[in-house]
Number of protein chains: 2
Amino acid sequence: MAKPGTDKDGTVFDAERGIPDATVARLPVYLRALSTLAEDGVITVSSEDLAEVAGVNSSKLRKDLSYLGSYGTRGVGYEVKVLVEQISENLGLSQDWNVAIFGAGNLGTALAQYSGFASRGFTVVAMFDADEAIVGTTVSGVLVRSIDDLETVIDQTGAHLAVLAVPGPVAQEICDRAVAAGIRGILNFAPSVLQVPDWVQLRKVDLSIELQILAFHAQRAAADELVMAKELS
Amino acid sequence: MAKPGTDKDGTVFDAERGIPDATVARLPVYLRALSTLAEDGVITVSSEDLAEVAGVNSSKLRKDLSYLGSYGTRGVGYEVKVLVEQISENLGLSQDWNVAIFGAGNLGTALAQYSGFASRGFTVVAMFDADEAIVGTTVSGVLVRSIDDLETVIDQTGAHLAVLAVPGPVAQEICDRAVAAGIRGILNFAPSVLQVPDWVQLRKVDLSIELQILAFHAQRAAADELVMAKELS
């Protein structure tokens, strides 16, 4: 089992792998920034430039990357391609992940069509819905199966990650069945708080939280404008 | 104008309002946890229980809430209803926000139907699409307008926040026009990095990042299981 430890500055980290959770959370952000740079034909990047694209400060970025054994070269920076490989490997993206999407409504369909998943090693291998009118149709080349067949289909397709885009009232029941069938990670879009066993990873996406943070900053900016206008008058 | 300052422990904060940015980012999470508790009929909550529901440590939660002037009562905790009002006010949610959704495809439609927005003070007042087959239809009671009428419709509806659910290649152009028409905050779902002026707030939602973090933890948990199995054999 992984042994949690504490860094000299108090950061909690996994002693065996040596990567703090906060660093883990930033790795995909770096990967995304690096992918953008790679698409633009960039070969090497300084920590300052990468930090700016990723939206973090550069000393934090250097420390984060040092956990992966990447220190860059003075005056040159990091090799984009090498760094992409190191981060991908650390994120487990050198293996492909099979994903099942629960709910083939507008959100489930939008997620199935989301190009960002496939390009990052996630393959949607199954979709489920309870509506008999939708079951049997195809979304982005994936056949929509009946939720009644959950156990059989998860077993056949080897899906280990699930995306829940189902109505709130049925989310927990479907979550329980998915976990029993072998799902090890769940991304929850349903408006409910789910209970899962310790060994299952759960992340909740609440889009209204993003909108609330945006509204807060927009309000603050508007208040600043008002103060400036008064100062000028 | 707001004057940024530095707390005694080095936290950067807005000196006039006194709320650090990291605290601001957590306020909606607390609000969501409190709403869940209120729905369950909970009247008061300890910092430990609220911290657990919100997924932060309780000392951080107490410090965050102290910025709002909320210290709780020893042995009793926080009054759920009072705290909801304090946070809402600080987040600017005591005022309603008019939101325009750009793109009436599966994602835009799912977002328009998203019940979490309306219940948190966000009203979708306008939807736009470029596809003439969709323009004129109604999504969740909102008429889909032509993207050609962007300026007129934003002006008429008084929308100040925008949700971008459009294809990547057209996102920047639509963003520029929306900002010129008076939009002050943008939640971007399009797969592109947008440039906005300083006074416009921009947040990017990248769903594959959530899935990558999930995959990382799932991989790590699987590796732990393997180690445990070996130790037991």
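This is a short walk through a predicted model, from the pairing of its two chains to the sheet, helices and aromatic rings within them.

Let's begin with how the copies relate. In general, two copies of a chain are related by a rotation about an axis and a shift along it. Here, chain A is superposed on chain B by a rotation of 180 degrees with 0.0 Å of shift along the axis, and the RMSD is 0.2 Å. The two copies are therefore related as by a two-fold rotation axis. If you would like a landmark for that axis, look for A:N106: within chain A, its C-alpha is the nearest to the axis, at 2.4 Å. Both copies also use the same surface, since 100% of the contact residues of chain A recur in chain B.

Now step inside chain A and find the sheet. Strands of a sheet pair through backbone hydrogen bonds, either parallel or antiparallel. Chain A has an open sheet of 7 strands with mixed pairing, in the order β7-β8-β6-β5-β9-β10-β11. At its edges are β7 (138-139) and β11 (201-204) of chain A, each pairing on one side only. Further in, β9 (residues 161-164) and β10 (residues 185-188) of chain A run parallel and are joined by 4 bridges. To see one of these bridges, start at A:A162 and look across to its partner A:I186 in β10(A). Helix α8(A) packs on this sheet, where it touches β5, β9 and β10 of chain A, and its direction makes about 170 degrees with that of β9(A).

Another helix of chain A, α7 (residues 150-157), is a good place to look at side chains. Which of its residues are buried? They are A:L150, A:V153 and A:I154. These residues cover an arc of only 100 degrees around the axis, so they sit on the same side of α7(A). That buried set packs against β5 (97-102), β6 (122-129), β8 (142-146) and α8 (168-180) of chain A. Turn to the face pointing away from the buried side and you will meet the exposed residues A:D155 and A:Q156. Just after the helix, A:G158 takes a positive phi of about 65 degrees.

Next come the aromatic rings, with 4 aromatic pairs in the structure over all chains. One of them is the stacked pair of A:F102 and A:F128, at 4.7 Å centre to centre and with 10 degrees between the planes. This pair links distant parts of the chain: A:F102 belongs to β5 and A:F128 to β6 of chain A, 26 residues apart. Both A:F102 and A:F128 are buried. A:Y114 and A:F117 form an edge-to-face pair, with 4.8 Å between centres and 70 degrees between planes. A:Y114 and A:F117 are likewise buried.

Finally, cross over to chain B. Its open sheet of 7 strands has the order β7-β8-β6-β5-β9-β10-β11, with mixed pairing. Because β7 (138-139) and β11 (201-204) of chain B stand at the edges with a single partner strand each, one side of each is left without a neighbour in the sheet. The partner of β11(B) is β10 (residues 185-188), paired in the parallel sense over 4 bridges, and B:I186 stands opposite B:L202 there. Helix α7 (residues 150-157) of chain B lies across β5, β6 and β8, running at about 165 degrees to β6(B). Helix α8 (residues 168-180) of chain B lies across β5, β9 and β10, at about 170 degrees to β9(B).

Note on methods: Residues numbered from 1 in each chain as written. Chains lettered and ligands numbered in written order. Predicted model: local features only at pLDDT ≥ 70, side-chain atom pairs only at ≥ 80, totals over all residues. Heavy atoms only, no water. Least-squares fit on C-alpha atoms with pLDDT ≥ 70 in both. Contact = heavy atoms within 4.5 Å. Pairing = 2+ DSSP bridges. Helix = DSSP H or I, 4+ residues; strand = E, 2+ residues; numbered from the N terminus. Axes fitted to C-alpha atoms, helices over the stretch in contact; angles between N-to-C directions. Buried < 20%, exposed > 50% of the residue type's maximum accessible area, 1.4 Å probe, protein only. Arc of directions from axis to C-beta. Phe/Tyr/Trp six-rings, centres within 6.5 Å; stacked < 30°, edge-to-face > 60°.
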